[in-house]
Amino acid sequence: MKKIIVLIMLLIATWGNSQTKQDSINTYKKRVLEDIEIYFLTSYYTQDGDNAAVTGGIGTEELTDLATNIVISIPLNDDDVLTIDATASSYTSASSSNLDPFTRTEGADGKVILIGSPWVESSGDSRQDIWFNGNVGYSHASDDRNKIWSANVNFAAEYDYTSIGFGGGYSWLFNKKNTEFGIKGNVFLDTWNPQSPIELESFSDDQDLNNGFFRGVDILDQNGEVIDKNGTNIWNPVSTTLVDDKNRNTFSVSFSFSQILSKNAQISFFLDLVQQNGWLSSPLQRVYFADRNNYYIGNPSSIPIYTTPQNIDVFQLADDIERLPNSRFKIPIGMRFNYYINEMFVLRTYYRFYTDDWGVTAHTLDLEIPVKITDKLTLYAAYRYYTQTKADYFAPYEVNLSSQDFYTSDFDLSDFNSNKYSIGISYTDIFTKMHIWKFYMKNADLRYSHYDRSTGLTSDIISIGFKSIFK
Amino acid sequence: MKRIIYLLIAASLLTSCVAVKEYEKININDPDMVLSSLKFSKFETYAQVYRESASGANGGKSGGGCGCN
């Protein structure tokens with residue numbers, strides 16, 4: 001107890017000493033933002049892998065995405081800034097196309113022929129989609145610029161998901177603006193427009209294998225024999241109830257602390273506390289159980305090679321969709337340390353520890369070195385390492401058991417590590433000599449990154465960005 | 001509990017380590033010294049949020065707004 005009292009007295013004395021050296025309020029108040037700033041970013045992303053979650057942990061993960069983001073920062077007066085942030089992302093995914101993997105034709109005898117495969121992209125509606133996101137933020141700084149409060153509203157939408165969010169934050173700078181504390185709160189009230197695998201959605205309607213999607217379609221057993229749909233050896237999913245709660249809500253509070261350590265070094269710490277409630281599973285994602293018989297639609301001779309890319313014409317009917325708890329609590333803790341080595345080199349570092357109550361623990365380490373080769377050109381080289389343990393409910397294709405309460409074969413929740421390598425170049429013109437009409441270009445960025453995961457997923461992304469001011 | 005108190009006190013003591021004056025912050029104010037992700041890596045962060053379980057603690061989004069993990 002005595003030790004704690006002494007430490008607190010030492011703290012008060014030290015903190016008081018730092019406060020006596022604060023600047024007096026300046027008579028001149030610099031604007032928070034001088035001119036309207038516009039940042040335009042576009043990127044092309046492509047990925048591939050062999051563990052698609054939509055097809056139960058096997059199958060093509062091929063996906064391409066073209067995304068564009070624009071951020072406009074508008075000074076309303078000396079103290080206030082309005083920020084508009086909008087993103088549109090158009091993706092084409094072989095994996096999500098396999099919500100309905102079947103191509104339907106008619107045989108010479110008039111019989112319906114369906115073929116599909118987890119390794120082949122389907123031409124269904126779910127193959128392609130656009131995700132929109134819009135965020136409007138407002139910030140106000142005090143006259144001495146030591147206190148900043150902010151608020152924002154957010155909206156996002158895609159074909160199976162809608163999100164409405166809002167939040168606010170407060171930052172306090174002191175010690176001659178060498179130290180900053182920040183706190184932010186965010187709420188996302190999201191809603192699924194659930195899309196489920198075609199066979200499960202059809203069966204949940206009337207549980208009749210002679211009707212709807214299954215009318216006139218042969219279903220095969222593991223040996224490739226056509227089953228009697230009125231018999232006892234039939235395909236029967238674990239549950240006929242798909243999504244019974246469309247809400248998915250996220251509540252988070254974030255703390256940040258930044259400190260200038262010297263003329264060349266500064267450090268920051270971040271702590272988030274995130275609570276998610278509602279339907280946290282993805283209704284699109286199939287699960288296959290080890291303790292259930294397997295049933296297929298398509299070419300029986302491809303059943304023995306089902307789990308290989310050589311299978312192009314048979315598809316296994318799912319046992320259920322992914323089921324996960326309706327609650328998740330996450331704690332990420334991060335740290336950034338930046339050091340100005342000299343006029344040419346800066347060292348940027350980032351480390352994050354993450355844990356949640358689904359059993360996932362993760363570490364992230366990011367190293368980046370900007371190299372100023374001229375006063376206008378900077379090269380960037382970066383490396384990122386990531387590792388995570390698997391969620392308690394994850395198991396690969398045909399390993400989960402139907403007796404479990406929760407199960408997934410989504411490899412994003414598996415144990416893996418990943419590496420990302422990035423290079424980039426940035427052109428900066430602080431005098432903004434280049435302009436089109438009233439748009440004066442301040443800088444242009446180009447960056448390429450390659451990402452590979454120990455599960456076999458690889459991706460590449462190239463991004464181009466432009467920052468200009470509007471005078 | 002004691003460890004948390006000592007950490008808070010240590011963090012608070014950091015605040016009085018140094019007071020770099022505004023005219024001495026030329027290097028600190030370099031755009032590459034910003035204590036956040038660089039703007040052109042925004043979509044890389046999006047991809048990571050989708051493909052990895054961990055998110056947050058980078059000053060940006062920590063969850064919600066998408067049907068991702």
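Start by colouring the two chains differently and looking at where they meet: 42 residues of chain B are in contact with 76 residues of chain A. Keep in mind as you go that this is a predicted model. Now select the side of chain B that touches chain A. The elements giving two or more residues to that side are helix 1 (2–14) and helix 2 (42–51) of chain B. Colour the same side by residue class and you get 17 nonpolar, 16 polar and 9 charged residues.

**Stop 1: chain B**

Stay with chain B for a moment. How many helices and strands does chain B have? There are 2 helices and 0 strands. Chain B has 69 residues, and 48% of them are buried.

Next, select helix 2 of chain B. This helix is mostly covered, with 8 of its 10 residues buried. To see them, pick B:Lys42, B:Phe43, B:Glu44, B:Tyr46, B:Ala47, B:Gln48, B:Val49 and B:Arg51. What covers the buried residues of this helix? The cover includes strand 1, strand 2, strand 22 and strand 23 of chain A. Those strands are where we go next.

**Stop 2: strands 1, 2 and 3 of chain A**

Select residues 36–48 and 63–75 of chain A, which are strand 1 and strand 2. They pair in the antiparallel sense over 11 bridges. For one rung of that ladder, show A:Leu41, whose bridge partner in strand 2 is A:Asn69.

Now add strand 3, residues 80–93 of chain A. Strand 2 and strand 3 are antiparallel too, and 13 bridges link them. Pick A:Leu63 and you'll find A:Ser93 of strand 3 standing opposite. Follow the chain from strand 2 into strand 3 and you trace a hairpin, with 4 residues between the two strands.

**Stop 3: strands 20 to 23 of chain A**

Jump along chain A to strand 22, residues 439–453. Strand 22 has several pairings to look at, so take them in turn.

- Strand 20 (residues 416–428) pairs with strand 22 in the antiparallel sense over 11 bridges. Here A:Ser418 has A:Arg453 as its bridge partner.
- Strand 21 (residues 435–436) runs antiparallel to strand 22 and is joined to it by 2 bridges. A:His435 stands opposite A:Tyr440. The two strands form a hairpin with 2 residues between them, and A:Trp437 in the turn has a positive phi of about 60 degrees.
- Strand 23 (residues 458–470) pairs with strand 22 in the antiparallel sense over 13 bridges. A:Phe439 stands opposite A:Phe470. This is a hairpin as well, with 4 residues between the strands, and A:Gly456 in its turn has a positive phi of about 105 degrees.

**Stop 4: the cores**

Time to look inside. Which residues of the largest nonpolar core touch the most other members? Out of 46 residues, they are A:Val287, A:Tyr296, A:Ile297, A:Leu317, A:Ala391 and A:Tyr393. Helix 3, strand 13 (296–298) and strand 14 (314–316) of chain A each supply at least two residues of this core. The largest share, 3 residues, comes from helix 3 of chain A.

A second, separate core has 7 residues, including A:Tyr45, A:Ile461, B:Tyr46 and B:Ala47. Show those four and you'll see members from chain A and from chain B.

Back in the largest core, centre the view on A:Ile297. Leaving aside residues up to four places away in sequence, A:Ile297 touches A:Phe102, A:Leu114, A:Gly116, A:Val217, A:Ile219, A:Leu220, A:Phe315 and A:Leu317.

Then select helix 3 itself, residues 198–206 of chain A. A:Ile198, A:Glu199, A:Leu200 and A:Phe203 are buried there, and strand 15 (320–321) of chain A is part of what covers the buried residues. Just after the helix comes A:Gln207, with a positive phi near 50 degrees.

**Stop 5: out in a loop**

Find A:Ser301 in the loop between strand 13 and strand 14 of chain A. Is A:Ser301 buried or exposed? A:Ser301 counts as exposed because there are 11 other C-beta atoms within 10 Å, and the cut-off for exposed is 12 or fewer. Draw a distance from A:Ser301 to A:Gly278: they are 23 residues apart in sequence, and their C-alpha atoms are 42 Å apart.

**Last stop: confidence**

Finally, colour chain A by pLDDT. The average is 91, and 94% of the residues score at least 70. Over residues 15–24 of chain A, though, the pLDDT is below 50; this stretch has 13 contacts in the model beyond near neighbours in sequence. Where pLDDT is low, the predicted coordinates should not be read in detail.

Key:
Residues numbered from 1 in each chain as written. Chains lettered and ligands numbered in written order. Predicted model: local features only at pLDDT ≥ 70, side-chain atom pairs only at ≥ 80, totals over all residues. Buried ≥ 20, exposed ≤ 12 C-beta atoms within 10 Å, placed from the backbone. Contact = placed C-beta atoms within 7 Å. Nonpolar A, V, L, I, M, F, W, Y, C, P; charged D, E, K, R; others polar. Pairing = 2+ DSSP bridges. pLDDT = per-residue confidence, 0-100. Core = buried A, V, L, I, M, F, W, Y, C linked by C-beta atoms within 7 Å.
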